[in-house]
Amino acid sequence: MTRSRHFSHAFIFDLDGVLTDTARQHLAAWGALARMLQLPFDAAMEEQLRGLSRMDSLEHVLGPAAGRFSAERKQALAEHKNAAYVDAIAGLTPADLLPGALAALQAVRAGGWGLALASASRNAPTVLARLGVAPLFDHVVDPASVAHGKPAPDIFLAAAQALNVAPAHCVGIEDAAAGIQAIRGAGMFAVGIGSPQVLRGADLVLPDLLGLQPGLYLR
Ligand code: BG6
Ligand code: MG
């Protein structure tokens with residue numbers, strides 16, 4: 001769905017780990033899969049998985065063992081992980097928006113700027129609806145429609161194109177190193193949410209959305 005209006009600028013948000021803490025449930029489900037397969041899974045791996053598509057994440061979790069699994073078995077493992085994740089997010093409500101998230105989205109709307117979601121998650125429409133913020137968005141990119149997942153810039157470029165805003169006039173907001181790389185690759189201003197050590201390439205890193213001042217980042 002795209003609400004068509006003319007926007008001078010646009011804000012393109014990631015979902016998991018930015019608007020809500022579902023990055024935690026994704027990582028817990030991958031951790032459980034790794035344990036089931038008796039594969040290593042540590043904190044460094046968690047950071048590397050943030051933002052990656054389901055199948056890219058699976059390859060990462062399998063690591064050097066990936067070659068031992070057939071395409072069918074990989075599909076089944078990805079579905080197993082997704083079933084655990086879908087269970088874990090069944091009870092999401094608007095109370096699960098992270099601090100500052102609703103105010104940040106409302107500030108973008110109040111400014112008359114475009115608002116899009118660029119999440120790698122195929123569960124994103126469900127999560128947005130449960131959080132009660134789906135109607136605020138002008139466009140939600142379908143991750144299945146882009147050729148390359150994050151860290152490639154495709155999903156952010158698709159969002160900008162849908163809103164008809166030049167990438168240089170867009171601001172991307174991300175919690176993942178892969179996402180920051182994607183935003184920078186798209187030629188957009190990159191706001192990182194999290195740790196400056198992890199999100200090194202960002203133009204600006206904030207601990208959370210409470211400090212977001214959308215009007216300050218426009219070029
Ligand atoms: C991203 C998450 O938003 O979506 C990743 O950061 C996840 O952890 C990816 O793997 C894909 O999600 P899904 O719901 O399509 O498996
Ligand atoms: Mg994220």
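**Close-up 1. Helices α1 and α3 cross in a right-handed way.** Everything shown in these views comes from a predicted model. Helix α1 covers residues 22-36 and helix α3 covers residues 54-62. Their axes sit 11 Å apart, and the angle at which the two helices pack is about 40°. The pair therefore counts as oblique. On the α1 side, the residues making the contact are Trp-30, Leu-33 and Ala-34. On the α3 side, look for Arg-54, Ser-57, Leu-58 and Val-61. Sort the residues of this α1 and α3 contact by class and you get five nonpolar, one polar and one charged.

**Close-up 2. Helix α1 also meets helix α4, with the axes coming within 9 Å.** Here the two axes cross at roughly 140°. An angle over 145° would count as roughly antiparallel, so α1 and α4 are described as oblique to each other. The crossing of this pair is right-handed. From α1, the residues in the contact are Thr-22, Gln-25, His-26, Ala-29, Trp-30, Leu-33 and Met-36. They meet Leu-77, His-80, Lys-81, Ala-84, Tyr-85 and Ala-88 of α4. The tally for the contact of α1 with α4 is eight nonpolar, four polar and one charged. Trp-30 and Leu-33 may ring a bell: they are also among the α1 residues that contact α3.

**Close-up 3. Helices α3 and α4 pack at an angle of about 105°.** How are these two helices oriented to each other, roughly parallel or roughly perpendicular? Angles of 65 to 115 degrees count as roughly perpendicular, so that is the description for α3 and α4. Their axes are 10 Å apart. Arg-54, Met-55, Leu-58, Glu-59 and Leu-62 make the contact from α3. The α4 partners are Lys-74, Gln-75, Leu-77, Ala-78 and Asn-82. By class, the α3 and α4 contact contains five nonpolar, two polar and three charged residues. Two of the α3 names, Arg-54 and Leu-58, also turn up in the contact with α1, and Leu-77 of α4 is another name to recognise from the α1 contact.

**Close-up 4. A magnesium ion (ligand 2) is held by aspartates.** Which residues coordinate the ion? They are Asp-14 and Asp-175, each through OD, and Asp-16 through O. The distances run from 2.0 to 2.1 Å. Along the chain, these donors follow the spacing D-x1-D-x158-D. Asp-14 and Asp-16 are both buried.

**Close-up 5. Ala-23 sits in helix α1 and touches two of the magnesium-binding residues, Asp-16 and Asp-175.** Is Ala-23 buried or exposed? Its relative accessible area is 7%, which is under the 20% limit, so Ala-23 counts as buried. Leaving aside residues up to four places away in sequence, Ala-23 touches Asp-16, Gly-17, Arg-50 and Asp-175. Another pairing to find in this view is Ala-23 with Leu-52: they are 29 residues apart along the chain, and their C-alpha atoms are separated by 11 Å.

**Close-up 6. Pro-64 is out in the loop between α3 and α4.** With a relative accessibility of 89%, Pro-64 counts as exposed. Try finding Leu-39 from here: Pro-64 and Leu-39 are 25 residues apart in sequence, and their C-alpha atoms are 10.0 Å apart in space.

**Close-up 7. Pro-151 follows a cis peptide bond.** The bond in question runs from Lys-150 to Pro-151, and its omega is near 15°. Where is Pro-151 found? Its place is the loop between β3 (residues 139-140) and α7 (residues 154-163).

**Close-up 8. Gln-38 and Asn-164 each have a positive phi without being glycine.** For Gln-38, phi is near 55°. Gln-38 belongs to the loop between α1 and α2, the latter spanning residues 43-49. Its relative accessibility of 73% makes Gln-38 exposed. For Asn-164, phi is near 60°. Asn-164 is part of the loop between α7 and β4, where β4 spans residues 170-174. Asn-164 counts as exposed too, at 63% relative accessibility.

Notes: Residues numbered from 1 in each chain as written. Chains lettered and ligands numbered in written order. Predicted model: local features only at pLDDT ≥ 70, side-chain atom pairs only at ≥ 80, totals over all residues. Heavy atoms only, no water. Axes fitted to C-alpha atoms, helices over the stretch in contact; angles between N-to-C directions. Helix = DSSP H or I, 4+ residues; strand = E, 2+ residues; numbered from the N terminus. Parallel < 35°, antiparallel > 145°, perpendicular 65-115°, else oblique. Left-handed = near helix turned anticlockwise from the far one by under 90°. Contact = heavy atoms within 4.5 Å. Nonpolar A, V, L, I, M, F, W, Y, C, P; charged D, E, K, R; others polar. Donors = N, O, S within 2.8 Å, 3.2 Å for Na, K, Ca; no water. Buried < 20%, exposed > 50% of the residue type's maximum accessible area, 1.4 Å probe, protein only.
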